[in-house]
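The following exercises treat disulfides, a helix, a core and strand pairing. Please work through each task with the model in view before reading its solution.

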Amino acid sequence: VVLELFASLKPNRVDPDSGSQVELFSEEQLKACQGEAPVLLTAVLGEVFDVTQGKKYYGKGGGYEFFAGRDASRAFQTGDFTESGLTDDVSGMNHEQMAAIDHWRQFYHDHKKYQYRGRLVGRFYTEKGEPTDELTRVEAMLEEQKAFAGKQKLLEQKYPGCNSNWSQADGGFVWCANGQVPRKAITMKPGGGEAVRCACFSFSSSSAVTGDQDGIDSNYPDFQGEVRYYDGCEIGAKVCR
């Protein structure tokens, strides 16, 4: 049955990005490629990969056998390997979760033993192999998350993370060296919510502005976000608990 299904597969669409032809798979064809089948396939966000060389993992009895023969994109992030959790429905997932799924899609693309085979007709690709509205939504979220991660990286280079320590006697505390002071660096995540981290900022007592409301430190107007003091920590303190 599997061989008959594969015999019907033909490169029947030209990919506008690469100019090469790609195979389109039905859910039935993908489902046949699991267990003891001679060819093992899996899919992530509608992209199909041949994992036959990883048979001991994806074949019958393997630790990842539940990924073979289906697109279980959601489970790559949630870790829910129940039948209901092994689904390609990624609705309601945030940008970070979507990026985690995309990490696995890229993992298969980059893997030396696994091969990209084509596209799965369904949630993410039409019968013509074109992106659906759902894939367009997902890709837009991934671009937003990529831009946010790039921005965060630049901020981390300019405002490095704090040192931290914890002991049973003293509890936890954060600290900065080289005359810098610890602050809560807050940026808005794409899709909503705050990203909060402890960052080290340069400090000069002679130029510091005091009397800020709601714990906001306005000494760093070039920071693309919000800078807050640690509760109960002196403005110029190098260590905060």
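**Exercise 1. Determine whether Cys233 and Cys240 are buried or exposed, and describe the link between them.**

Solution. In this predicted model, Cys233 and Cys240 are both buried. A disulfide joins the two residues, with an S to S distance of 1.9 Å. The angle about the S-S bond is -70°, and the link of Cys233 and Cys240 is left-handed.

**Exercise 2. State how many disulfides the structure holds, and trace the one that joins Cys162 to Cys198.**

Solution. Step one is the count: the structure holds three disulfides. A disulfide is a covalent bond between the sulfur atoms of two cysteines.

Step two is the geometry. The sulfur atoms of Cys162 and Cys198 are 1.9 Å apart, and the link is left-handed, with -80° about the S-S bond.

Step three is the location. Cys162 lies in the loop between H6 and strand S6 (163-167), whereas Cys198 belongs to strand S9, so this disulfide ties together parts that are 36 residues apart in sequence.

Step four is the burial of each partner. Buried means under 20% relative accessible area. Cys162 has a value of 18% and is therefore buried; Cys198 has a value of 16% and is therefore buried.

**Exercise 3. Locate Cys176 and Cys200, and give the pattern that the disulfides of the chain follow.**

Solution. Cys176 and Cys200 are joined by a disulfide with an S to S distance of 2.1 Å. The value about the S-S bond is -90°, and the link is left-handed. Cys176 sits in the loop between strand S7 (171-175) and S8, and Cys200 in strand S9; the pair links distant parts of the chain, 24 residues apart. Cys176 and Cys200 are buried.

To obtain the pattern, count the bonded cysteines along the chain: the disulfides follow 1-3, 2-4, 5-6.

**Exercise 4. Check the span of helix H6 (residues 133-158), and identify what its buried residues pack against.**

Solution. Begin with the span. The expected value is 1.5 Å times one less than the number of residues. Helix H6 has 26 residues and should therefore span 38 Å; its end C-alpha atoms are 38 Å apart, which agrees.

Next, list the buried residues of H6: Glu134, Leu135, Val138, Met141, Leu142, Gln145, Phe148, Gln152 and Leu155. In an α-helix there are 3.6 residues a turn, so residues three or four places apart point the same way. The buried residues of H6 pack against helix H5 (95-110), strand S8 (180-188) and strand S9 (194-202).

Finally, take one residue as an example. Gln152 is found in helix H6. Its relative accessibility is 12%, so Gln152 counts as buried. Beyond its neighbours within four places in sequence, Gln152 is in contact with Thr187 and Ala195.

**Exercise 5. Describe the largest nonpolar core, and list what Tyr108 touches.**

Solution. The largest nonpolar core has 24 residues, and Tyr58, Met98 and Tyr108 have the most contacts inside it. Helix H4 (75-78), H5 and H6 each supply at least two residues of this core. H6 provides the largest share, four residues.

Now consider Tyr108. Not counting residues up to four places away in sequence, Tyr108 touches Thr42, Val44, Phe49, Val51, Tyr58, Phe76 and Tyr114.

**Exercise 6. Give the order of the strands in the open sheet formed by three strands, and name the edge strands.**

Solution. Strands of a sheet pair through backbone hydrogen bonds, either parallel or antiparallel. Here the order is S9-S8-S10, and the pairing is antiparallel. S9 and strand S10 (226-228) are the edge strands, since each pairs on one side only. From one strand to the next, the twist averages 35°.

S8 and S10 pair over three bridges, and Ile186 stands opposite Glu226 in S10.

**Exercise 7. Work out how S7 pairs with S6 and with strand S11 (residues 239-240).**

Solution. Start with S6. Five bridges join S6 to S7, and the two run antiparallel. They form a hairpin with three residues between them, and Ser164 stands opposite Val174 in S7.

Continue with S11. Two bridges join S7 to strand S11, again in the antiparallel sense. Val174 stands opposite Cys240 in S11, and Cys240 is joined to Cys233 by a disulfide.

Note on methods. Residues numbered from 1 in each chain as written. Predicted model: local features only at pLDDT ≥ 70, side-chain atom pairs only at ≥ 80, totals over all residues. Heavy atoms only, no water. Buried < 20%, exposed > 50% of the residue type's maximum accessible area, 1.4 Å probe, protein only. Contact = heavy atoms within 4.5 Å. Core = buried A, V, L, I, M, F, W, Y, C linked by side-chain atoms within 4.5 Å. Disulfide = S-S within 2.5 Å. Pairing = 2+ DSSP bridges. Axes fitted to C-alpha atoms, helices over the stretch in contact; angles between N-to-C directions.
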